[in-house]
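Trainee: I'd like to go through this one with you, starting with the charged pairs and then moving to the interior. Can we begin?

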Amino acid sequence: MKKRTNLLALVLSLTAITFTLFGCSSDTGQKKSIAAPGNGTEAGGGAESSGTGTAQASADESINEQVLVDQDGIKITATEYVTDSIWGDGIKLLVENNSAKDYTIGCDALIVNDYMITDLFSADVAAGKKSNEVMYLSSTELKAAGIDTVGQIEMYFHAYDSNWDNLFKNVYSKLETSEFANMDTTPNDEGQELYNANGVRIVGKTVDENSFWGTAILLYIENTSGQNVGINVDNMSINGYMMTPLFSTTVYDGKKSIDDITIMSSDLEANGITSVDQVELKFHIYNAESYDTIADSDAITYTAQ
């Protein structure tokens, strides 16, 4: 079982690294704007950039040492705010396992300045041992969200054993940096509104036809529904041809997210598509805990210009 745990951690780490380096519509040049059919004008913002911030946070941040979790023999202490030239900004953590079993400790959700952000953090800590780790904040996602000053970090931790049994999950902790008073929480919501109902708002921002995987359609999502929601995409077509989109996101209540719908280049090539001009899709919105459907949108059509 230990090998399976280590293999999963490796796969998750490689996946997170890939999306950190290449995800969220990395800057590869000109991007198309999203507009309603027949509307030749973008609904706000420019097509050049997927965010308003810099590539990573300002490096002026610092934190006071703080215990984030002290439960069931697991203690997690934030000790330092760090910046790495490759991985970007992160929080250095001391993870102590004072229990009688080995555990893997990770993060169910990471939220920076009210935006859902991918974390790069997983720690295998044997019984009675300690480990110094760094929870990195995805620099590309910080940029896409327009975050250039990290002021608040919210974390939901979990711990499980080699049999995948949870010691705990969704244990909440909040950390404020020295820049808390200066953080900008202005929504990065320029674009064409695609959906706004049931407390969920979705804005189409840009279409990047030269993303790492193929084409990336950048969305801004805001959740004020009173519940944590998951969102998928169904019945998607590009220029009239059915596609298989890669998209699944979770947005906690009261939070925001910047995320990509990815279309693989092989899918586009198989249908002879060299330019993304018209997109049609439906959003499936559900409760992230119960998976009960909240809403299935009507077909939404927009153009990329």
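Trainee: Which side chain does Glu190 meet in a salt bridge?
Mentor: Lys205, with N to O at 3.5 Å. Keep in mind that this is a predicted model.

Trainee: Where do the two sit in the chain?
Mentor: Glu190 is in the loop between strand E11 (166-176) and strand E12 (192-197), and Lys205 is in strand E13. They are 15 residues apart, and the pair links distant parts of the chain.

Trainee: Is Lys205 buried or exposed?
Mentor: Lys205 counts as buried because its relative accessibility is 6%, under the 20% limit. Glu190 is partly exposed, at 31%.

Trainee: Which residues do shared salt-bridge partners join into a network?
Mentor: Asp189, Glu193, Arg201 and Glu222 make up one network.

Trainee: And how many salt bridges does the count come to?
Mentor: Nine. One of them pairs the side chains of Lys32 and Glu209, at 3.0 Å from N to O. That pair links parts of the chain 177 residues apart: Lys32 belongs to strand E1 (residues 32-35), while Glu209 is in the loop between strand E13 (200-208) and strand E14 (214-223).

Trainee: How accessible are Lys32 and Glu209?
Mentor: Lys32 has 16% relative accessibility and so counts as buried. Glu209 is at 26%, which means partly exposed.

Trainee: What about Lys255, which residue does it bridge to?
Mentor: Asp114, and the closest N and O atoms are 3.0 Å apart. Lys255 lies in the loop between strand E17 (248-251) and strand E18 (256-264), and Asp114 in the loop between E5 and strand E6 (115-116), so this bridge ties together parts 141 residues apart in sequence. Both residues are buried.

Trainee: Which buried residue has no salt bridge?
Mentor: Glu96 is one. It is found in strand E4 (residues 88-97).

Trainee: Why does Glu96 have no salt bridge?
Mentor: The nearest side chain of opposite charge, Lys130, is 4.1 Å away, and a salt bridge needs the nitrogen within 4 Å of the carboxyl oxygen, so Glu96 has none.

Trainee: What does Glu96 touch further along the sequence?
Mentor: Leaving out residues up to four places away, Glu96 touches Gly73, Ile74, Lys75, Thr77, Lys129 and Lys130.

Trainee: Switching to the nonpolar side. Which residues touch the most other members of the largest core?
Mentor: Leu93, Ile105 and Phe157, in a core of 38 residues. Strand E5 (residues 103-112) supplies five residues, the largest share.

Trainee: Is there a second core, and what does it include?
Mentor: A separate one of 35 residues, with Phe247, Leu268, Phe283 and Ala304 among its members.

Trainee: Back to Leu93. What is it in contact with, beyond four places in sequence?
Mentor: The contacts of Leu93 include Leu68, Ile76, Ala78, Phe121, Met135 and Phe157, and also Thr77, Thr79, Ser131, Asn132 and Glu133.

Trainee: Last one, Ala159. Where is that?
Mentor: Ala159 is in strand E10 (residues 152-160). Its relative accessibility is 0%, so Ala159 counts as buried.

Trainee: Which residues does Ala159 contact, beyond four places in sequence?
Mentor: Tyr103, Thr104, Ile105, Asp165, Asn166, Leu167 and Phe168. The C-alpha atoms of Ala159 and Thr104 are separated by 5.5 Å, with their positions 55 residues apart along the chain.

Definitions and conventions:
Residues numbered from 1 in each chain as written. Predicted model: local features only at pLDDT ≥ 70, side-chain atom pairs only at ≥ 80, totals over all residues. Heavy atoms only, no water. Core = buried A, V, L, I, M, F, W, Y, C linked by side-chain atoms within 4.5 Å. Buried < 20%, exposed > 50% of the residue type's maximum accessible area, 1.4 Å probe, protein only. Helix = DSSP H or I, 4+ residues; strand = E, 2+ residues; numbered from the N terminus. Contact = heavy atoms within 4.5 Å. Lys, Arg positive; Asp, Glu negative; His and termini not counted.
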